[in-house]
Amino acid sequence: MKRMKSFALICLLGMISLGATAQSEVATTYFLHNAPYRHFLNPAYEPITEGYLYLPAISHISLNAGNNSFTVKDLIINKDGTTMWTLNPLSGVDLLSAIQDNTLINADLNIALFGFGWRTSKQGYFHVNINERIDAGVTIPKGLFNFALGGGMSDLEQENIFDMSRLGVQAQVYSELAIGYSRTSGKIWTWGFKVKGLVGHGYAGLNATNLSLTASPEQWSVQGNGSIYMAGPFKEYPTRFDAATFDNYNFKEQLALTNALSYFNGYGGAVDVGLSVRPIKYLNISLAFTDLGAIYWLNGHHYDFALSGTYSGVGQLNYSDYTDENGQFNGQQLGDTVLARLQGVYENALTSTDGQKGFLVPLTMKMNAAVELNLLNDIFGLGVFSKTMLYNNRLFEEVTLGVAVRPASWFNFGVSYSFLNGKWSNIGAGLGLRLGPFMISVAADYVPFVFAAYDGKMVVPYRTQGINAELGLSLVWGWKQKKKSLATADIEPAATN
């Protein structure tokens, strides 16, 4: 019981802390033509320098953490001078209205351990990059929220059926070695690709292909099936994932971090492909598909599971029972009650097959598309950037409108707005700046400008669903100091993509 509570608490805290976004690529970076790591968005984008070098482990980092449903405003409000959770019956807020049909809570981190690139001729560019990547996410169907926020049932007169299919969890850590090449054909076409070798370090996942819960005041009943996956530096894996076996499995004792080889638990490959077209000198159109590949976790185990059980004597959950005389909602007490009631279902309903060694998991495939209008000798840019991610067989998309000012090759500045996650309370911003032989670039898609004080102790972004930021520092050479002027706007601009 204690172990299940701890596990559930860790999952809940992780979900809350992740706080919108589909992927770590920062769309605002597209408008910074002098940022060397633009080729992460599309392998057809060529740096404007003759070469670059990422210094080990400090040159580039991108971070994403968020969800596509909630902001702080949806969870906490100030009513009549009192700060309260929107779950409090006194709040008068319908939290369900803010929740998408499929909520994605995800976080990923990309760190450039090493990398360099160089121009082989006027038409070609080579890249070699070594990156460390962490990707974690949870997809939650709205049926789960309908069950939880409906107090266990929405209609007391009949059975309430909640569809929780496509519930999924994934977390993986892996390294990649990428070798890329791009080439320009005339002044119109630029194409590029990357080939990636992957080494998997750890993976954990759950995929519920069918899952439903039927609730009434007398009982809760759960039916479903799916698969569980795990790979990592363990001496032994659980034989099964039923309650009795899993509760006796000690992860800490089974960890085997004795040597470097213990981190090599999977191998795979992937490719990125991209195309950039300039049909007229003022217009640029591009399309790329990235992370088309998979990792085979040869040292991992997978289990097929089934859920079939009933827990009687549940009764309806009334949130007013967990509110004190001051209107403060006691979420911890409610959580303890729910976990206590679910314990019986968990212990009696979950069964699994014996673990089977080895499984194949595809990477999170992404599609990036952009259209940009470049004016006044490339000094001003106006464009739209779209990024789409396929996660747990569901598509998640973001569309960003951006404006850039690029008066010189050593200085680029851009601002943007992301339509699906912007909430009209945050913007994107990016800066590319050369200082001597170094190129510094920083960009973020969700820079908040609406804040609120919480409990009088801290200030939090009030209408932001997450963070998505990128920082780069690289050594560059062969920089072409092309001076731009409005007076020369009619001259054919140098191709930067």
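A residue counts as buried here when its relative accessible area is under 20%. The structure is a predicted model, and that cut-off is a handy way into its charged pairs. Take E46 first: with a relative accessible area of 7%, E46 is buried. Its partner in a salt bridge is R119, and the closest N and O atoms of the two are 3.2 Å apart. E46 sits in the loop between helix 1 (2–18) and strand 1 (51–54), while R119 belongs to strand 5, so this pair ties together parts that lie 73 residues apart in sequence. R119 has a relative accessibility of 18%, so R119 also falls on the buried side of the cut-off.

The E46 pair has company, as the count for the structure comes to twelve salt bridges. Another one brings together the side chains of K196 and E176, at 3.8 Å from N to O. Here strand 9 supplies K196 and strand 8 (residues 168–185) supplies E176, so parts 20 residues apart in sequence are tied together. Both ends of this bridge are tucked away: K196 counts as buried at 7% relative accessibility, and E176 is buried with a relative accessible area of 4%.

Further along the chain, R406 and E372 meet through their side chains in a salt bridge of 3.3 Å, N to O. This pair links distant parts of the chain, with R406 in strand 17 (residues 394–408) and E372 in strand 15 (residues 366–375), 34 residues apart. Once again, R406 and E372 are both buried. Some salt bridges also share partners, and in this way R133, E176, K196, D272, D291 and K366 are joined into one network. The K196 and E176 pair described above thus belongs to that network.

Now for the rings. A search of the whole structure turns up 19 aromatic pairs. In one of them, the ring centres of F116 and W118 are 5.6 Å apart and the planes meet at 20°, so the pair is stacked. Neither ring carrier is fully hidden: F116 is partly exposed, with a relative accessible area of 26%, and W118 is partly exposed too, at 32%. These two are also members of a cluster, in which ring pairs link F114, F116, W118, F126, Y181, W191 and F193. A ring can have a charge for company as well: the charged end of R38 sits over the ring of Y45, 4.4 Å from the ring centre.

Helix 3 offers another look at the inside of the model. This helix covers residues 142–149, and its buried residues are G143, F145 and F147. What lies over them? The cover includes strand 5 (102–119), strand 6 (124–141), strand 7 (160–163), strand 9 (189–215) and strand 10 (219–231). Two of these strands have come up already, since R119 lies in strand 5 and K196 lies in strand 9.

One glycine rounds off the picture. G293 is found in strand 12 (residues 283–312), where its 22% relative accessibility makes it partly exposed. Which residues does G293 touch, leaving aside its neighbours within four places in sequence? The contacts are with G269, A270, P362 and L363. G268 is worth a look too: G293 and G268 are 25 residues apart in sequence, and 7.4 Å separates them in space, C-alpha to C-alpha.

Definitions and conventions: Residues numbered from 1 in each chain as written. Predicted model: local features only at pLDDT ≥ 70, side-chain atom pairs only at ≥ 80, totals over all residues. Heavy atoms only, no water. Buried < 20%, exposed > 50% of the residue type's maximum accessible area, 1.4 Å probe, protein only. Helix = DSSP H or I, 4+ residues; strand = E, 2+ residues; numbered from the N terminus. Contact = heavy atoms within 4.5 Å. Salt bridge = Lys/Arg side-chain N within 4 Å of Asp/Glu carboxyl O. Phe/Tyr/Trp six-rings, centres within 6.5 Å; stacked < 30°, edge-to-face > 60°. Lys NZ or Arg CZ within 6 Å of the ring centre and 35° of its normal.
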